Amino acid sequence: MRIKLASTIVISMFSALTIQATTKLEKVKVNGQCNMCENRIEKAAKTLDGVVSAQWDKSNKSLTVNYDDKKTTMQKIQTSITMAGHDTEMFSASESGYNKLPECCKYKRDPNRKRNTHGTGESIYNKIEKSGSCCDNK
Ligand SMILES: [Cu+2]
């Protein structure tokens, strides 16, 4: 009886660990202005398969995202957000993507901001920039 109970506890601990290991919680800075931005940013993250939840905080411009790291990456999530017109820590939105934002959403861009230097991200960034449209990049 005691052994049976102990093994049940061990098994349930294991399954709890497995669930935890599959999703990651990360915070990233995303530039934006208002509640409309909040919707846009969160939507852009949530459209990706593997994103469990996304919440953008207007006051500190930070996005808290819960995602399955086997299905998606922070790079993909941030790329999706830049395609919606918002600069993130890793990537900058294209000029045309930014210009498509309604006036109230045009956040102040940092002209000296660091461009992404990660391998794949760099090419994704260039593709967005060259295409001139945030919708061409899939
Ligand atoms: Cu806005």
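Two strands pair if DSSP finds at least two bridges between them. Helices (H or I, at least four residues) and strands (E, at least two) are DSSP runs, numbered from the N terminus. The model is predicted, with local features needing pLDDT of at least 70 and side-chain atom pairs pLDDT 80 or more, while totals for chains, interfaces and linings use all residues. Residues are numbered from 1 along each chain as its sequence is written.

Q: In which order do the elements of the chain run from the N terminus on?
A: The chain is built from five helices and three strands. Read from the N terminus on, its elements follow the order α-β-α-β-β-α-α-α.

Q: What is the order of the strands in the open sheet?
A: Three strands make up this open sheet, and their pairing is antiparallel. Strand E1 (23-29) and E2 each have a single partner strand and stand at the edges, so one side of each is left without a neighbour in the sheet. The order is therefore E1-E3-E2.

Q: How many bridges join E1 to E3?
A: E1 and E3 run antiparallel. One residue pair that can be located here is Thr23 and its bridge partner in E3, Asp68. The number of bridges joining E1 to E3 is seven.

Q: Which residue in E3 stands opposite Ala54?
A: E2 and E3 run antiparallel and are joined by six bridges. Val51 stands opposite Tyr67 in E3, and Ser53 has Asn66 of E3 as its bridge partner. For Ala54, the residue that stands opposite in E3 is Val65.

Q: Why does Lys61 count as partly exposed?
A: Lys61 is found in the loop between E2 and E3. A residue is buried if 20 or more other C-beta atoms (placed from the backbone) lie within 10 Å of its own, exposed if 12 or fewer, and partly exposed in between. Lys61 counts as partly exposed because its number of C-beta neighbours inside 10 Å is 18.

Q: What is the phi of Lys61?
A: The hairpin of E2 and E3 has four residues between the strands, and Lys61 takes a positive phi there. Lys61 is a residue other than glycine, and its phi is near 55°.

Q: Which residues form the covered face of E3?
A: E3 has two faces, one covered and one uncovered. Ser62, Thr64, Asn66 and Asp68 belong to the uncovered face. The covered face is formed by Leu63, Val65 and Tyr67.

Q: Which element gives the most residues to the largest nonpolar core?
A: A nonpolar core is a set of buried Ala, Val, Leu, Ile, Met, Phe, Trp, Tyr and Cys residues joined through C-beta atoms within 7 Å. The largest one has 15 residues, and those with the most contacts inside it are Ile41, Ala45, Leu63, Val65 and Ile81. Helix H2 (35-46), strand E2 (51-57), strand E3 (62-68) and helix H3 (74-83) are the elements that give two or more residues to this core. With four residues, the element that gives the most is H2.

Q: Which residues of H3 meet Ile41, Ala44 and Ala45 in H2?
A: Residues are in contact if their C-beta atoms, placed from the backbone, lie within 7 Å. Ile41, Ala44 and Ala45 are the H2 side of this meeting of helices. On the H3 side stand Ile77, Ser80, Ile81 and Met83.

Q: Leaving aside its neighbours within four places in sequence, which residues is Ile81 in contact with?
A: Ile81 is among the residues with the most contacts inside the largest nonpolar core, and it is one of the buried residues of H3. With the neighbours within four places in sequence left aside, its contacts are Val30, Ile41, Ala44, Ala45, His86 and Thr88.

Q: How many of the ten residues of H3 are buried?
A: H3 is mostly covered. Its buried residues are Ile77, Gln78, Thr79, Ser80, Ile81, Thr82 and Met83. Of the ten residues of H3, the number buried is seven.

Q: Which residue with a positive phi follows H3?
A: The phi of this residue is near 105°. The residue that follows H3 is Gly85.

Q: What share of the residues in the chain is buried?
A: The chain has 138 residues. Among its contacts between residues at least 6 apart in sequence, 59% join residues at least 24 apart. The share of buried residues in the chain is 28%.

Definitions and conventions:
Two residues are in contact if their C-beta atoms, placed from the backbone, lie within 7 Å.
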